[in-house]
Amino acid sequence: MERKTPSLQTSSETCAAQAGGAVHGDERAIVSPIHITTTYERAPDNSYPGGKAYGRPDNATVEQCQTVINTLERAAATLMFGSGMAAATSFFLSLERPARVVVPKVMYWALRNWLGTDAPSFGVHPVFVDATQTREIEAAVRQGETRAIWIETPANPLWSLTDIAETAAIARRAGALLGVDSTAATPVHTQPLALGADVVMHSATKYLNGHSDALAGSLSFARQDAAFERASRLRGELGSVLGPFEAALLLRGMRTLFVRVERQSASAQRIAERFAGDARLADVLYPGLEGHTGHATACKQMANGFGGMLSLRLAGGENHAIQTAARLKVFKRATSLGGVESLVEHRASIEGPGTPCPTDLLRFSIGLEAVDDLIADIDQALR
Ligand SMILES: *Cc1c(COP(=O)(O)O)cnc(C)c1O
(Lines give C-alpha, C1' and ligand atoms only; values in the text may rest on other atoms or scores of the structure.)
Protein backbone atom coordinates (compact mmCIF):
# COMPACT_ATOMS: atom_id res chain seq x y z
CA MET A 1 0.00 0.00 0.00
CA GLU A 2 1.34 3.43 -0.93
CA ARG A 3 -0.13 6.76 -0.07
CA LYS A 4 0.42 9.63 -2.47
CA THR A 5 3.07 11.69 -0.78
CA PRO A 6 3.69 15.25 -1.87
CA SER A 7 7.27 15.51 -3.09
CA LEU A 8 9.61 17.66 -5.11
CA GLN A 9 9.01 15.59 -8.25
CA THR A 10 5.71 17.01 -9.30
CA SER A 11 6.10 15.95 -12.92
CA SER A 12 5.58 12.35 -14.03
CA GLU A 13 8.70 12.31 -16.22
CA THR A 14 10.94 13.21 -13.29
CA CYS A 15 9.33 10.64 -11.03
CA ALA A 16 9.70 7.88 -13.66
CA ALA A 17 13.30 8.77 -14.57
CA GLN A 18 14.37 8.71 -10.89
CA ALA A 19 12.22 5.67 -9.92
CA GLY A 20 10.43 7.84 -7.37
CA GLY A 21 13.42 10.05 -6.49
CA ALA A 22 14.51 8.45 -3.22
CA VAL A 23 18.13 7.58 -2.41
CA HIS A 24 18.66 4.44 -0.36
CA GLY A 25 20.41 3.35 2.81
CA ASP A 26 23.42 4.71 4.72
CA GLU A 27 25.53 4.56 1.54
CA ARG A 28 23.00 6.77 -0.27
CA ALA A 29 22.53 4.44 -3.25
CA ILE A 30 20.93 6.06 -6.29
CA VAL A 31 19.52 2.73 -7.43
CA SER A 32 17.73 0.86 -4.68
CA PRO A 33 18.78 -2.61 -3.53
CA ILE A 34 16.33 -5.42 -4.37
CA HIS A 35 14.59 -6.45 -1.15
CA ILE A 36 14.21 -10.22 -1.30
CA THR A 37 13.44 -10.89 2.36
CA THR A 38 10.18 -12.71 3.03
CA THR A 39 10.14 -11.89 6.75
CA TYR A 40 10.98 -9.15 9.27
CA GLU A 41 12.18 -9.20 12.89
CA ARG A 42 9.99 -8.20 15.81
CA ALA A 43 11.29 -5.77 18.45
CA PRO A 44 11.47 -6.68 22.19
CA ASP A 45 8.22 -4.79 22.74
CA ASN A 46 6.59 -7.22 20.27
CA SER A 47 6.08 -4.55 17.57
CA TYR A 48 7.44 -4.50 14.02
CA PRO A 49 9.58 -1.34 14.01
CA GLY A 50 9.72 -1.20 10.19
CA GLY A 51 5.95 -1.65 9.85
CA LYS A 52 6.45 -4.87 7.87
CA ALA A 53 5.77 -8.41 9.07
CA TYR A 54 5.75 -10.78 6.09
CA GLY A 55 6.68 -10.64 2.40
CA ARG A 56 3.30 -11.45 0.86
CA PRO A 57 1.69 -8.14 1.82
CA ASP A 58 4.89 -6.15 2.45
CA ASN A 59 7.89 -5.66 0.18
CA ALA A 60 9.87 -2.44 -0.21
CA THR A 61 10.83 -2.99 -3.87
CA VAL A 62 7.19 -3.65 -4.81
CA GLU A 63 6.16 -0.56 -2.81
CA GLN A 64 8.63 1.54 -4.81
CA CYS A 65 6.85 0.45 -8.03
CA GLN A 66 3.54 1.42 -6.43
CA THR A 67 4.90 4.86 -5.56
CA VAL A 68 6.02 5.51 -9.15
CA ILE A 69 2.80 4.30 -10.82
CA ASN A 70 0.77 6.16 -8.20
CA THR A 71 2.49 9.39 -9.23
CA LEU A 72 2.16 8.65 -12.97
CA GLU A 73 -1.60 8.11 -12.56
CA ARG A 74 -2.07 10.88 -9.94
CA ALA A 75 -3.80 8.21 -7.83
CA ALA A 76 -4.57 8.02 -4.11
CA ALA A 77 -3.26 4.45 -3.84
CA THR A 78 -1.75 1.80 -6.14
CA LEU A 79 -1.48 -1.98 -5.80
CA MET A 80 0.97 -4.10 -7.80
CA PHE A 81 0.02 -7.62 -8.93
CA GLY A 82 1.88 -10.54 -10.46
CA SER A 83 0.40 -9.84 -13.93
CA GLY A 84 -2.10 -7.65 -15.72
CA MET A 85 -4.66 -10.46 -15.57
CA ALA A 86 -4.19 -10.76 -11.79
CA ALA A 87 -4.84 -7.01 -11.51
CA ALA A 88 -7.90 -7.01 -13.81
CA THR A 89 -9.57 -10.09 -12.29
CA SER A 90 -8.91 -8.65 -8.80
CA PHE A 91 -10.84 -5.52 -9.78
CA PHE A 92 -13.91 -7.64 -10.59
CA LEU A 93 -13.51 -10.02 -7.63
CA SER A 94 -13.24 -7.14 -5.17
CA LEU A 95 -16.67 -5.80 -6.18
CA GLU A 96 -19.60 -6.45 -3.89
CA ARG A 97 -20.96 -9.70 -5.39
CA PRO A 98 -23.13 -10.83 -7.07
CA ALA A 99 -22.02 -8.03 -9.37
CA ARG A 100 -23.55 -7.08 -12.67
CA VAL A 101 -20.81 -5.48 -14.79
CA VAL A 102 -20.93 -3.72 -18.16
CA VAL A 103 -17.88 -4.62 -20.27
CA PRO A 104 -16.79 -4.07 -23.89
CA LYS A 105 -17.16 -6.60 -26.70
CA VAL A 106 -13.75 -5.53 -28.04
CA MET A 107 -11.11 -5.89 -25.35
CA TYR A 108 -8.04 -7.86 -24.30
CA TRP A 109 -9.05 -11.41 -25.23
CA ALA A 110 -7.95 -13.31 -22.09
CA LEU A 111 -9.99 -11.02 -19.85
CA ARG A 112 -12.97 -11.24 -22.22
CA ASN A 113 -12.68 -15.05 -22.11
CA TRP A 114 -12.60 -15.08 -18.30
CA LEU A 115 -15.61 -12.77 -18.09
CA GLY A 116 -17.51 -14.89 -20.62
CA THR A 117 -16.73 -18.28 -19.08
CA ASP A 118 -15.57 -18.45 -15.44
CA ALA A 119 -16.50 -15.05 -14.00
CA PRO A 120 -20.22 -15.90 -13.42
CA SER A 121 -19.23 -18.77 -11.10
CA PHE A 122 -17.51 -16.09 -8.97
CA GLY A 123 -20.67 -13.95 -8.96
CA VAL A 124 -19.44 -11.56 -11.68
CA HIS A 125 -22.07 -11.29 -14.44
CA PRO A 126 -20.92 -9.40 -17.54
CA VAL A 127 -23.09 -7.59 -20.08
CA PHE A 128 -21.09 -7.09 -23.28
CA VAL A 129 -21.64 -3.83 -25.19
CA ASP A 130 -20.19 -1.83 -28.09
CA ALA A 131 -18.14 0.52 -25.91
CA THR A 132 -17.43 2.94 -28.76
CA GLN A 133 -21.07 4.07 -28.23
CA THR A 134 -21.57 5.59 -24.78
CA ARG A 135 -25.34 5.40 -25.43
CA GLU A 136 -25.01 1.59 -25.51
CA ILE A 137 -23.09 1.63 -22.24
CA GLU A 138 -25.77 3.81 -20.65
CA ALA A 139 -28.59 1.57 -21.93
CA ALA A 140 -26.90 -1.52 -20.42
CA VAL A 141 -26.47 0.02 -16.97
CA ARG A 142 -29.06 -0.80 -14.29
CA GLN A 143 -29.31 1.61 -11.37
CA GLY A 144 -28.39 -0.07 -8.08
CA GLU A 145 -27.56 -3.38 -9.76
CA THR A 146 -24.58 -2.57 -11.99
CA ARG A 147 -21.51 -2.52 -9.76
CA ALA A 148 -18.95 -1.52 -12.37
CA ILE A 149 -18.32 -0.44 -15.94
CA TRP A 150 -15.05 -1.65 -17.47
CA ILE A 151 -13.51 -0.11 -20.56
CA GLU A 152 -10.26 -0.45 -22.49
CA THR A 153 -9.12 2.51 -24.57
CA PRO A 154 -7.61 2.31 -27.16
CA ALA A 155 -8.96 -1.25 -27.27
CA ASN A 156 -7.24 -4.37 -28.54
CA PRO A 157 -6.98 -5.08 -31.46
CA LEU A 158 -8.99 -2.45 -33.37
CA TRP A 159 -7.66 0.47 -31.27
CA SER A 160 -11.21 1.75 -30.92
CA LEU A 161 -11.83 4.54 -28.41
CA THR A 162 -14.25 4.92 -25.51
CA ASP A 163 -14.95 8.39 -24.15
CA ILE A 164 -13.66 8.14 -20.56
CA ALA A 165 -15.27 11.36 -19.23
CA GLU A 166 -18.72 10.49 -20.66
CA THR A 167 -18.51 6.93 -19.32
CA ALA A 168 -17.41 8.22 -15.91
CA ALA A 169 -20.53 10.42 -15.77
CA ILE A 170 -22.72 7.38 -16.61
CA ALA A 171 -21.01 5.32 -13.90
CA ARG A 172 -21.42 8.08 -11.31
CA ARG A 173 -25.15 8.45 -12.04
CA ALA A 174 -25.61 4.67 -11.68
CA GLY A 175 -23.58 4.40 -8.48
CA ALA A 176 -21.13 2.09 -10.29
CA LEU A 177 -17.33 2.14 -10.42
CA LEU A 178 -15.53 2.87 -13.68
CA GLY A 179 -12.42 0.74 -14.26
CA VAL A 180 -10.15 1.55 -17.23
CA ASP A 181 -7.58 -0.75 -18.82
CA SER A 182 -5.08 1.91 -19.87
CA THR A 183 -2.33 -0.50 -20.97
CA ALA A 184 -2.23 0.74 -24.59
CA ALA A 185 -2.61 4.43 -23.72
CA THR A 186 0.00 4.45 -20.93
CA PRO A 187 0.26 7.39 -18.48
CA VAL A 188 2.21 9.21 -21.21
CA HIS A 189 -0.93 9.71 -23.31
CA THR A 190 -3.96 9.45 -20.99
CA GLN A 191 -4.82 10.10 -17.32
CA PRO A 192 -8.10 8.22 -16.75
CA LEU A 193 -8.49 9.25 -13.09
CA ALA A 194 -8.31 12.95 -14.03
CA LEU A 195 -11.17 12.25 -16.49
CA GLY A 196 -13.35 10.79 -13.72
CA ALA A 197 -12.45 7.07 -13.69
CA ASP A 198 -12.31 5.33 -10.30
CA VAL A 199 -9.64 2.71 -11.03
CA VAL A 200 -6.90 2.44 -13.69
CA MET A 201 -5.40 -0.92 -14.58
CA HIS A 202 -2.13 -1.61 -16.39
CA SER A 203 -0.57 -4.72 -17.73
CA ALA A 204 2.84 -3.39 -16.65
CA THR A 205 4.23 -6.31 -18.66
CA LYS A 206 3.77 -4.06 -21.69
CA TYR A 207 4.80 -0.38 -21.99
CA LEU A 208 5.51 0.34 -18.32
CA ASN A 209 8.26 -2.28 -18.22
CA GLY A 210 8.88 -2.02 -21.95
CA HIS A 211 11.53 -4.73 -22.37
CA SER A 212 9.46 -7.95 -22.67
CA ASP A 213 11.24 -9.47 -19.68
CA ALA A 214 8.86 -9.25 -16.71
CA LEU A 215 5.16 -9.91 -16.01
CA ALA A 216 3.43 -7.35 -13.78
CA GLY A 217 0.11 -5.59 -13.29
CA SER A 218 -1.29 -2.66 -11.33
CA LEU A 219 -4.51 -1.12 -10.09
CA SER A 220 -4.49 2.59 -9.20
CA PHE A 221 -7.39 4.02 -7.20
CA ALA A 222 -8.80 7.56 -7.24
CA ARG A 223 -9.62 7.23 -3.55
CA GLN A 224 -8.24 5.10 -0.74
CA ASP A 225 -11.73 3.81 -0.04
CA ALA A 226 -13.56 0.54 0.63
CA ALA A 227 -13.00 -0.68 -2.97
CA PHE A 228 -9.26 -0.20 -2.50
CA GLU A 229 -9.32 -1.95 0.89
CA ARG A 230 -11.17 -4.98 -0.57
CA ALA A 231 -8.72 -5.26 -3.49
CA SER A 232 -5.77 -4.94 -1.11
CA ARG A 233 -7.15 -7.60 1.25
CA LEU A 234 -7.95 -9.94 -1.66
CA ARG A 235 -4.41 -9.60 -3.01
CA GLY A 236 -3.02 -10.64 0.36
CA GLU A 237 -5.46 -13.54 0.66
CA LEU A 238 -5.01 -14.89 -2.87
CA GLY A 239 -1.30 -14.09 -2.95
CA SER A 240 -1.48 -12.59 -6.44
CA VAL A 241 1.56 -10.47 -5.66
CA LEU A 242 4.49 -9.16 -7.68
CA GLY A 243 7.91 -10.66 -6.91
CA PRO A 244 10.82 -8.36 -5.94
CA PHE A 245 13.00 -9.23 -8.95
CA GLU A 246 10.18 -8.38 -11.38
CA ALA A 247 9.55 -5.20 -9.40
CA ALA A 248 13.22 -4.20 -9.82
CA LEU A 249 13.07 -4.84 -13.59
CA LEU A 250 9.89 -2.79 -13.79
CA LEU A 251 11.46 0.11 -11.87
CA ARG A 252 14.37 0.09 -14.30
CA GLY A 253 12.04 -0.09 -17.30
CA MET A 254 9.87 2.79 -16.11
CA ARG A 255 12.89 5.11 -15.93
CA THR A 256 12.74 5.38 -19.74
CA LEU A 257 8.94 5.19 -20.12
CA PHE A 258 8.44 8.65 -21.56
CA VAL A 259 11.20 8.62 -24.19
CA ARG A 260 10.24 5.11 -25.28
CA VAL A 261 6.52 5.72 -25.61
CA GLU A 262 6.84 9.12 -27.28
CA ARG A 263 9.19 7.63 -29.90
CA GLN A 264 7.01 4.51 -30.36
CA SER A 265 3.93 6.69 -30.88
CA ALA A 266 5.72 8.98 -33.36
CA SER A 267 6.88 5.94 -35.36
CA ALA A 268 3.40 4.36 -35.29
CA GLN A 269 1.90 7.63 -36.56
CA ARG A 270 4.42 7.72 -39.45
CA ILE A 271 3.76 4.08 -40.38
CA ALA A 272 -0.01 4.58 -40.23
CA GLU A 273 0.19 7.67 -42.46
CA ARG A 274 2.55 5.91 -44.90
CA PHE A 275 0.19 2.94 -45.43
CA ALA A 276 -3.21 4.71 -45.15
CA GLY A 277 -4.95 4.35 -48.51
CA ASP A 278 -2.54 1.65 -49.76
CA ALA A 279 -4.45 -0.54 -52.24
CA ARG A 280 -2.94 -3.72 -50.75
CA LEU A 281 -4.74 -2.94 -47.49
CA ALA A 282 -8.46 -2.98 -46.62
CA ASP A 283 -7.89 -0.64 -43.66
CA VAL A 284 -5.27 0.96 -41.40
CA LEU A 285 -6.53 1.07 -37.81
CA TYR A 286 -4.73 3.78 -35.82
CA PRO A 287 -6.40 6.44 -33.61
CA GLY A 288 -3.97 9.10 -34.85
CA LEU A 289 -5.42 8.93 -38.38
CA GLU A 290 -8.17 11.45 -39.10
CA GLY A 291 -10.23 8.73 -40.79
CA HIS A 292 -10.22 6.48 -37.68
CA THR A 293 -13.67 6.24 -36.05
CA GLY A 294 -12.21 7.10 -32.65
CA HIS A 295 -10.02 10.01 -33.77
CA ALA A 296 -12.18 12.80 -32.26
CA THR A 297 -12.38 11.00 -28.89
CA ALA A 298 -8.64 10.25 -29.05
CA CYS A 299 -7.91 13.97 -29.57
CA LYS A 300 -10.06 14.73 -26.53
CA GLN A 301 -8.38 12.37 -24.09
CA MET A 302 -4.92 11.51 -25.47
CA ALA A 303 -1.93 13.86 -25.38
CA ASN A 304 1.60 13.63 -26.86
CA GLY A 305 0.55 11.06 -29.47
CA PHE A 306 -1.83 8.16 -30.00
CA GLY A 307 0.16 5.14 -28.86
CA GLY A 308 2.50 2.61 -30.40
CA MET A 309 -0.12 0.03 -31.47
CA LEU A 310 -1.71 -0.22 -34.90
CA SER A 311 -3.44 -2.87 -36.98
CA LEU A 312 -3.50 -3.42 -40.73
CA ARG A 313 -6.31 -5.27 -42.51
CA LEU A 314 -5.10 -7.03 -45.65
CA ALA A 315 -7.07 -6.62 -48.87
CA GLY A 316 -6.26 -10.25 -49.76
CA GLY A 317 -7.94 -11.65 -46.62
CA GLU A 318 -6.75 -14.15 -44.01
CA ASN A 319 -4.21 -16.05 -46.14
CA HIS A 320 -2.67 -12.80 -47.35
CA ALA A 321 -2.42 -11.66 -43.71
CA ILE A 322 -0.68 -14.84 -42.51
CA GLN A 323 1.68 -14.86 -45.54
CA THR A 324 2.53 -11.20 -44.97
CA ALA A 325 3.37 -11.88 -41.31
CA ALA A 326 5.63 -14.74 -42.43
CA ARG A 327 7.50 -12.46 -44.88
CA LEU A 328 8.29 -9.77 -42.29
CA LYS A 329 11.96 -9.80 -41.25
CA VAL A 330 12.48 -6.88 -38.84
CA PHE A 331 9.17 -7.40 -37.02
CA LYS A 332 9.34 -10.48 -34.81
CA ARG A 333 6.33 -12.76 -35.04
CA ALA A 334 5.17 -13.03 -31.43
CA THR A 335 2.32 -12.11 -29.14
CA SER A 336 2.46 -9.28 -26.54
CA LEU A 337 3.21 -5.60 -27.06
CA GLY A 338 4.90 -2.49 -25.72
CA GLY A 339 8.51 -3.73 -25.85
CA VAL A 340 11.47 -1.98 -27.46
CA GLU A 341 11.40 -4.56 -30.28
CA SER A 342 8.65 -4.46 -32.89
CA LEU A 343 6.23 -7.39 -32.96
CA VAL A 344 3.58 -8.56 -35.39
CA GLU A 345 0.74 -10.98 -34.77
CA HIS A 346 -2.15 -12.52 -36.67
CA ARG A 347 -4.53 -11.84 -33.80
CA ALA A 348 -7.45 -14.07 -34.83
CA SER A 349 -5.10 -17.11 -34.68
CA ILE A 350 -4.36 -16.60 -30.97
CA GLU A 351 -7.84 -15.42 -29.97
CA GLY A 352 -9.53 -18.50 -31.46
CA PRO A 353 -13.20 -19.17 -32.28
CA GLY A 354 -15.74 -16.51 -31.34
CA THR A 355 -13.26 -13.63 -31.56
CA PRO A 356 -14.55 -10.27 -32.83
CA CYS A 357 -11.10 -9.80 -34.41
CA PRO A 358 -11.28 -9.80 -38.25
CA THR A 359 -9.32 -12.69 -39.77
CA ASP A 360 -7.57 -10.35 -42.25
CA LEU A 361 -6.00 -8.31 -39.41
CA LEU A 362 -2.34 -8.09 -38.41
CA ARG A 363 -1.56 -6.34 -35.13
CA PHE A 364 1.71 -4.39 -34.93
CA SER A 365 3.50 -3.29 -31.77
CA ILE A 366 5.94 -0.59 -32.85
CA GLY A 367 9.32 -0.65 -31.12
CA LEU A 368 12.39 1.56 -31.15
CA GLU A 369 14.01 0.42 -34.42
CA ALA A 370 14.63 2.95 -37.22
CA VAL A 371 11.17 3.75 -38.52
CA ASP A 372 12.40 3.56 -42.13
CA ASP A 373 13.48 -0.05 -41.52
CA LEU A 374 9.99 -0.84 -40.21
CA ILE A 375 8.28 0.84 -43.18
CA ALA A 376 10.56 -0.94 -45.68
CA ASP A 377 9.89 -4.26 -43.95
CA ILE A 378 6.10 -3.89 -44.16
CA ASP A 379 6.36 -2.67 -47.75
CA GLN A 380 8.42 -5.70 -48.91
CA ALA A 381 6.18 -8.12 -46.99
CA LEU A 382 3.02 -6.76 -48.66
CA ARG A 383 4.44 -7.39 -52.17
C1 LIG B 1 -1.40 -8.02 -21.93
C2 LIG B 1 -2.65 -7.30 -21.58
C3 LIG B 1 -3.38 -7.64 -20.45
C4 LIG B 1 -2.98 -8.80 -19.55
O5 LIG B 1 -1.76 -8.55 -18.92
P6 LIG B 1 -0.74 -9.72 -18.47
O7 LIG B 1 0.36 -8.94 -17.85
O8 LIG B 1 -0.34 -10.46 -19.72
O9 LIG B 1 -1.47 -10.60 -17.53
C10 LIG B 1 -4.51 -6.91 -20.16
N11 LIG B 1 -4.92 -5.88 -20.94
C12 LIG B 1 -4.22 -5.52 -22.04
C13 LIG B 1 -4.71 -4.39 -22.87
C14 LIG B 1 -3.08 -6.22 -22.41
O15 LIG B 1 -2.39 -5.87 -23.51
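What is the volume of the second largest pocket? In this predicted model, the second largest pocket has a volume of about 320 Å³. Its lining is made up of 23 residues, and those closest to the centre of the pocket are Gly84, Met85, Tyr108, Ser203 and Lys206. Two or more lining residues come from each of the elements α3, α4 (109-116) and β6. The greatest contribution to this lining is that of α3, which supplies three residues. Sorted by class, the lining of the second largest pocket holds ten nonpolar, eight polar and five charged residues.

The ligand takes up the space of this second largest pocket. The elements that give two or more residues to the shell around the ligand are α3 (84-93) and β6 (199-203). The shell consists of 14 residues, with Gly84, Met85, Asp181, Thr205 and Lys206 as the closest. Five residues of the shell are nonpolar, six are polar and three are charged. Gly84, Met85 and Lys206 thus appear among the residues closest to the ligand and also among those closest to the centre of the pocket.

Polar contacts to oxygen atoms of the ligand involve both backbone and side-chain atoms of the protein. At Gly84, a polar backbone atom is 2.8 Å from an oxygen atom of the ligand. At Thr205, a polar side-chain atom lies 2.6 Å from an oxygen atom of the ligand. The corresponding distance for a polar side-chain atom of Lys206 is 2.7 Å, again to an oxygen atom of the ligand. The ligand taken alone exposes 380 Å², of which the protein buries 93%.

Enclosed space was examined as well. A search of the whole structure gives two cavities of 30 Å³ or more. The largest cavity has a volume of about 60 Å³. Eleven residues line the largest cavity, and Arg56, Pro57, Asn59, Val62 and Arg235 are the ones nearest its centre. Helix α2 (residues 60-72) provides the largest share of this lining, with three residues. The lining of the largest cavity divides by class into five nonpolar, three polar and three charged residues.

The second largest cavity holds about 30 Å³ of space. The residues that line the second largest cavity are Leu177, Asp198, Val199, Phe221, Ala222, Arg223, Asp225 and Ala227. Five of these lining residues are nonpolar and three are charged, while no polar residue is present.

Backbone geometry was considered next. Most peptide bonds are trans, and most residues other than glycine have a negative phi. Departures from this pattern occur in two loops of the model. In the loop between β4 (146-152) and α6 (164-174), where Pro154 is placed, the peptide bond joining Thr153 and Pro154 is cis, with omega about -10°. Pro157 also has its place in the loop between β4 and α6. The bond from Asn156 to Pro157 is likewise cis, and its omega is near -10°. In the loop between β6 and β7 (217-221) lies Ser212. The phi of Ser212 is near 55°, a positive value in a residue other than glycine.

Note on methods
Residues numbered from 1 in each chain as written. Predicted model: local features only at pLDDT ≥ 70, side-chain atom pairs only at ≥ 80, totals over all residues. Heavy atoms only, no water. Near = heavy atom within 4 Å. Polar contact = N/O pair within 3.5 Å; in protein donor to acceptor, adjacent residues only side chain to side chain. Areas by Shrake-Rupley, 256 points an atom, 1.4 Å probe, with all protein chains shown as cover. 1 Å grid on protein atoms, 1.4 Å probe; cavity = no way out; pocket = protein on both sides within 12 Å on 5 of 7 lines; lining within 4 Å. Sits in = over half its atoms within 2 Å of the grid points. Helix = DSSP H or I, 4+ residues; strand = E, 2+ residues; numbered from the N terminus. Nonpolar A, V, L, I, M, F, W, Y, C, P; charged D, E, K, R; others polar. Points joined across faces, edges and corners; volume = space filled by probe spheres on them.
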